[in-house]
Amino acid sequence: MRAVVLILAGLAGLKIWTHEHIYRSATEDALVHAYRDSAIDACQKDRRKDKDAKSIVNWNNPASIQLVIGKRDVDVAIWDVDNPQWPVRYKYPLLVLRAGAGSGEITCEYDMTLGTAAVSRPAV
């Protein structure tokens, strides 16, 4: 009887994990699809502001697009909830676009809440 209960508990845990995995991947796909064009436009505009000749990247066909929550480069502690930058660090969704082959590690972070983009390059 104990084995049956353990098997049923394991199956219930597997069902919950599968449901969460499918839900989160479908939500990520929907957000990427909904904001992809806006992110590409914002990255193109940020590129035009930069005078560096090495920054010419075609963002229309990025190598990868990933959904990330919170800007990791904002220096705010998790317990500092009164800090005005706290939501930027821990709540705002970002689309991170990585440039295609031959561009190095150039990335563009598109903040979906603020509608802004920031292109970053590796240090030379």
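**Exercise 1. Classify Y90 by its exposure, then describe the ring pair to which Y90 belongs**.

Solution. The model is a predicted one.
Step 1. Y90 has a relative accessible area of 24%. Buried requires under 20% and exposed requires over 50%, so Y90 is partly exposed.
Step 2. W86 has a relative accessibility of 18% and therefore counts as buried.
Step 3. The count of aromatic pairs comes to one. The ring centres of W86 and Y90 are 5.2 Å apart, and their planes stand at 35 degrees. Planes under 30 degrees apart would count as stacked and planes over 60 as edge-to-face, so the pair of W86 and Y90 is tilted.
Step 4. Both residues lie in helix α2 (residues 86-90), and because they are four residues apart there, about one helical turn separates them.

**Exercise 2. List the secondary structure elements in order and work out how the strands are arranged**.

Solution.
Step 1. The protein has two helices and four strands. Read from the N terminus, the order is α-β-α-β-β-β.
Step 2. The four strands make an open sheet, ordered β1-β2-β3-β4, with antiparallel pairing.
Step 3. The edges are held by β1 (64-69) and β4 (116-120); each has a single partner strand, so one side of each has no neighbour in the sheet.
Step 4. On average, neighbouring strands of this sheet are turned by 20 degrees against each other, direction ignored.
Step 5. For the pairing of β1 with strand β2 (residues 93-98), the count is six bridges, and the two run antiparallel. One residue pair to look up is I65, whose bridge partner in β2 is L97.

**Exercise 3. Place V32 and find what it touches beyond its sequence neighbours**.

Solution.
Step 1. V32 sits in helix α1.
Step 2. Its relative accessibility is 17%, so V32 counts as buried.
Step 3. Leaving out residues up to four places away in sequence, V32 touches I65 and L95.
Step 4. V32 and L95 are 63 residues apart along the chain, yet their C-alpha atoms are separated by 7.2 Å.
Step 5. I65, the other residue touched by V32, is the one with bridge partner L97 in β2.

**Exercise 4. Find the disulfide, give its handedness and state which elements it ties together**.

Solution.
Step 1. The count of disulfides comes to one. The bond joins C43 to C108, with an S to S distance of 1.9 Å. The cut-off for a disulfide is sulfur atoms within 2.5 Å.
Step 2. About the S-S bond of C43 and C108 the torsion is about -95 degrees, so the disulfide is left-handed.
Step 3. C43 belongs to helix α1 (residues 2-49) and C108 to strand β3 (residues 107-111), so the disulfide ties together parts 65 residues apart in sequence.
Step 4. C43 is buried, at a relative accessible area of 0%. C108 also counts as buried, with 0% relative accessibility.

**Exercise 5. What share of the residues is buried, and what share of the exposed area comes from carbon and sulfur atoms?**

Solution.
Step 1. Of the 124 residues in the protein, buried residues make up 27%.
Step 2. The exposed area of the protein is about 8900 Å², and carbon and sulfur atoms supply 58% of it.
Step 3. For contacts, take those between residues at least 6 apart in sequence: 46% of them join residues at least 24 apart.

Notes:
Residues numbered from 1 in each chain as written. Predicted model: local features only at pLDDT ≥ 70, side-chain atom pairs only at ≥ 80, totals over all residues. Heavy atoms only, no water. Buried < 20%, exposed > 50% of the residue type's maximum accessible area, 1.4 Å probe, protein only. Contact = heavy atoms within 4.5 Å. Areas by Shrake-Rupley, 256 points an atom, 1.4 Å probe, with all protein chains shown as cover. Pairing = 2+ DSSP bridges. Axes fitted to C-alpha atoms, helices over the stretch in contact; angles between N-to-C directions. Phe/Tyr/Trp six-rings, centres within 6.5 Å; stacked < 30°, edge-to-face > 60°.
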